Amino acid sequence: GLFVTDYFTRTPRKLSPFRSFASIELFHFHIPEDTVIAVWNLITFKEQGGTFGDQCPDRSITVYFRSGAPSVINPLHTHFPRDTAVPGSFALTLTWTLPNRTTGVFNVTSPLPGDWFLAAHLPKDEGKISVKGLYEECQYLFQPQLIVQRLVNIAVLYPGHVTEQSMAPHNRSCLYKVFVPSYTSRVLVEVLRCRGAEGCPLWLRVRAKAPPLHNSTTLDCWEHTPCQLAQDLPFWQHWYYVLVEKHPGVPGTISFQVTVQLTDCSRPSLARPPFLPSSASMNMPHSFGSAGGLALGDSPPPTSPNDTKHPIPIPVTSHAGERCWPVRPTLRNELDTFSVHFYIFFGPNVSVPPDRPAVFVINLLPVLDSGGVLNLELRLNVSSLCGENVTVFGCLNHEVPLTSGDNTSVTCETESLAGFLLSVNATASLSRLRIPYPQTGSWYLSLRSLCATEHGFEPCTNVTAEVYLRAYLSPCINDCGIYGQCKLLRTNNYLYAACECKAGWNGWGCTDNAEAFSYGFQLLSTLLLCLSNVMFVPPVAIAVRSHYLLEAAVYIFTMFFSTFYHACDQPGIVVFCIMEYDVLQFCDFLGSLMSVWVTVIAMARLQPICPTVPQVLYLLGAMLLSMALQMDRHGLWNLLGPSLFALGIMAVAWTARTIRRRHCYPPTWKRWAFYLCPGALIAAAAVLLYTFVETEENYFYIHSIWHLLIAGSVGFLLPPRAKPSRRLGPLPRRKGCGYQLCVNEQEELGLVDPAVASINSICTS
């Protein structure tokens with residue numbers, strides 16, 4: 001056949017360590033129909049500071065693949081909530097082959113068409129809290145690329161129409177496809193009139209949605225006469241691919257005929273005619289390919305049976321003769337994103353008769369509904385059983401309803417069809433099912449009642465069970481509970497929801513309490529973080545006693561908002577918020593930076609030089625710090641920049657005094673030994689703890705120690721009160737230009753109130 005190659009790529013994204021599904025990177029691809037092979041090229045490279053990260057450590061990268069919906073992953077091996085079905089997915093781990101780059105390849109032969117999703121993440125880390133901008137962070141970037149090869153002009157088989165085919169010696173196989181409409185109970189493929197070799201050295205393979213594989217349903221025509229391959233309960237509204245493959249080593253040309261018969265559920269034991277007018281059998285997608293010797297241009301336009309309002313029949317797997325049961329539709333009511341209720345007409349209470357099943361259909365929209373959770377709830381009305389030991393079984397299947405002809409069977413699966421089983425009885429009258437990230441399309445729920453006897457389950461007589469049925473789509477499972485937050489995430493134009501757990505809780509619905517914080521631990525951590533701010537009371541008292549009233553006001557502001565910010569910032573249930581979280585965080589950060597700013601400005605002793613300079617610097621610092629926090633609240637330079645600038649002002653002021661007095665400032669060794677050096681060491685220890693030691697696990701007590709050390713350092717570093725004195729000491733004099741400059745040393749040290757002592761700064765020689 002003729003192959004066409006398509007190429008798709010995605011923008012590189014930074015990977016994060018796995019904590020929950022909210023921390024993964026999700027990529028969305030679409031594989032076209034008739035694809036015979038799909039190759040994902042997985043490119044990963046390191047970056048550090050805008051260059052190649054050759055020095056970055058090698059960290060393994062895990063990639064998950066799933067068709068139809070995002071993967072439901074559990075790399076931490078946590079527990080899922082009860083009644084949750086976990087769909088499977090492919091997983092691949094990438095290892096590094098080069099210092100800063102690695103690639104991986106993932107091949108899928110004959111992939112299912114439609115949406116495919118890739119999820120990638122790094123291993124879980126130790127949870128270290130790093131200061132943004134302190135050092136260049138190692139970034140791991142991941143870029144998937146998809147190359148697909150698809151066949152064009154695949155011959156289309158029509159029901160009841162015989163297709164002639166000759167297989168040349170250099171050909172090994174012939175591929176066909178037939179569209180299976182709704183209400184089809186059986187597909188029968190047959191190879192006729194095989195000529196050109198002894199017997200019929202052909203294999204017949206059939207597969208739904210994609211070309212057959214080696215493990216697909218296979219029949220050896222050499223051993224079976226007639227060569228017929230049947231598929232019961234085929235998927236509705238999908239292509240079925242038929243592969244006729246020649247045995248190896250068979251010379252010459254082999255000719256044969258291929259025909260397909262579709263059994264219509266609405267007309268038991270009758271095959272669909274080869275040509276139907278505007279009906280369900282011609283409801284084909286736009287990409288139906290060539291007609292294998294038949295022109296589709298003359299066919300009537302396709303119509304959808306879903307447009308009808310009449311009950312939809314479904315088949316029962318009974319080879320003696322298929323029967324049809326009506327399918328009751330559901331009404332879709334969209335409330336919000338991933339918040340959809342499916343209402344049953346004349347429901348929600350439904351009756352399940354003893355002689356036939358009750359079948360319902362739930363339609364999930366493509367792409368839009370696959371990012372949430374499909375919830376199903378059955379509640380049995382025990383009073384309707386009339387004392388009988390009745391059990392109501394429900395089978396939920398995708399794309400085709402399943403109702404077993406064996407009335408005593410309670411399975412919901414076949415060789416080619418998977419399903420989910422629910423059951424309710426007088427003892428357990430409630431049953432739930434949750435499917436995270438469900439595949440889109442039609443989901444069919446079949447309900448039937450059976451009576452329990454000594455020999456197993458048997459059909460009931462004259463007992464109609466009443467069941468309350470509720471089906472809905474939600475963003476997360478139980479809104480992630482009280483220890484989680486349901487987040488709506490987006491990757492390009494695809495939306496999905498995931499839980500982000502807190503307080504040590506884990507799992508898909510934040511229900512795994514293996515590492516959960518106890519209530520006492522949560523209360524202790526909250527009290528430590530809040531009450532450690534009481535350490536600011538001594539600096540406030542010292543500031544008030546030294547007449548540093550503005551500084552005292554800033555310390556009170558910091559103590560107040562730091563206390564209530566940490567009371568609101570707790571991950572558990574011990575939380576108390578007096579205002580919005582963002583306001584509390586901004587005020588806490590602003591108060592912390594202003595405390596450093598006003599303390600260092602006060603240490604500079606700028607009041608004697610110019611009384612208005614400190615006030616100007618206080619106001620300027622408040623405005624600039626507010627602007628910086630609004631731009632980047634967690635940046636390193638928000639703390640380091642103002643601190644260095646204030647320290648520079650203090651250093652200039654102290655240096656000027658030292659040069660003018662020709663003596664080290666501050667002048668006494670006691671001030672250095674008992675105040676400045678201890679205060680500086682305490683502040684340095686606090687910064688080191690905050691920068692290099694603090695992690696998510698030790699946050700509550702390391703950050704409490706940070707509060708204590710910072711408040712204690714302020715008490716040591718705050719300068720003493722300026723004491724006024726009326727006695728004037730000897731004035732150092734220097735001559736110049738015929739004048740004698742007089743300088744008051746007491747005023748220079750800030751020990752004299754200018755209103756008390758009047759000094760002439762210029763004296764006549």
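This passage walks through two sheets, a salt bridge and a pair of packed helices in a predicted model.

The tour can begin with a sheet built from four strands. This sheet is open, its strands follow the order 3-9-6-7, and the pairing is antiparallel. Strands of a sheet pair through backbone hydrogen bonds, either parallel or antiparallel. Strand 3 and strand 7 (90–94) stand at the edges with a single partner strand each, so one side of each has no neighbour in the sheet. On average, neighbouring strands here are turned by 20° against each other, direction ignored. Within the sheet, strand 6 (residues 61–67) runs antiparallel to strand 7, and five bridges join the two. For a concrete example, Tyr 64 has Ala 91 of strand 7 as its bridge partner.

Strand 3 also takes part in a side-chain contact. Arg 13 and Glu 25 form a salt bridge, with 3.5 Å from N to O. Arg 13 belongs to strand 2 (residues 13–14) and Glu 25 to strand 3 (residues 25–31), so this pair ties together parts that are twelve residues apart in sequence. Across the whole structure, a search finds 18 salt bridges.

A second open sheet has five strands in the order 11-13-18-15-16, and its pairing is mixed. Its edges are strand 11 (155–156) and strand 16 (217–220); each has a single partner strand, so one side of each is left without a neighbour in the sheet. Strand 15 (residues 202–208) pairs with strand 16 in the antiparallel sense over four bridges. Here Val 206 finds its bridge partner in Thr 217 of strand 16.

Further along the chain, helices come into view. The unreviewed UniProt entry places the feature "transmembrane region" at several stretches, including residues 548–567, 583–604 and 616–633. In the model, residues 583–604 are 100% helix and 0% strand, with the end C-alpha atoms 32 Å apart. Residues 616–633 are 89% helix and 0% strand, and their end C-alpha atoms lie 24 Å apart.

How do two such helices meet? Two packed helices are described by the angle between their axes and the distance between the axes. Helix 3 (residues 549–568) packs against helix 4 (residues 581–604) at an angle of about 150°, and the axes are 8 Å apart. Because angles over 145 degrees count as roughly antiparallel, helix 3 is roughly antiparallel to helix 4. Their crossing is left-handed. The contact of helix 3 with helix 4 has 15 nonpolar, seven polar and two charged residues.

Methods. Residues numbered from 1 in each chain as written. Predicted model: local features only at pLDDT ≥ 70, side-chain atom pairs only at ≥ 80, totals over all residues. Heavy atoms only, no water. Axes fitted to C-alpha atoms, helices over the stretch in contact; angles between N-to-C directions. Parallel < 35°, antiparallel > 145°, perpendicular 65-115°, else oblique. Left-handed = near helix turned anticlockwise from the far one by under 90°. Nonpolar A, V, L, I, M, F, W, Y, C, P; charged D, E, K, R; others polar. Pairing = 2+ DSSP bridges. UniProt positions renumbered as here; feature names shortened; annotations may be inferred. Salt bridge = Lys/Arg side-chain N within 4 Å of Asp/Glu carboxyl O.
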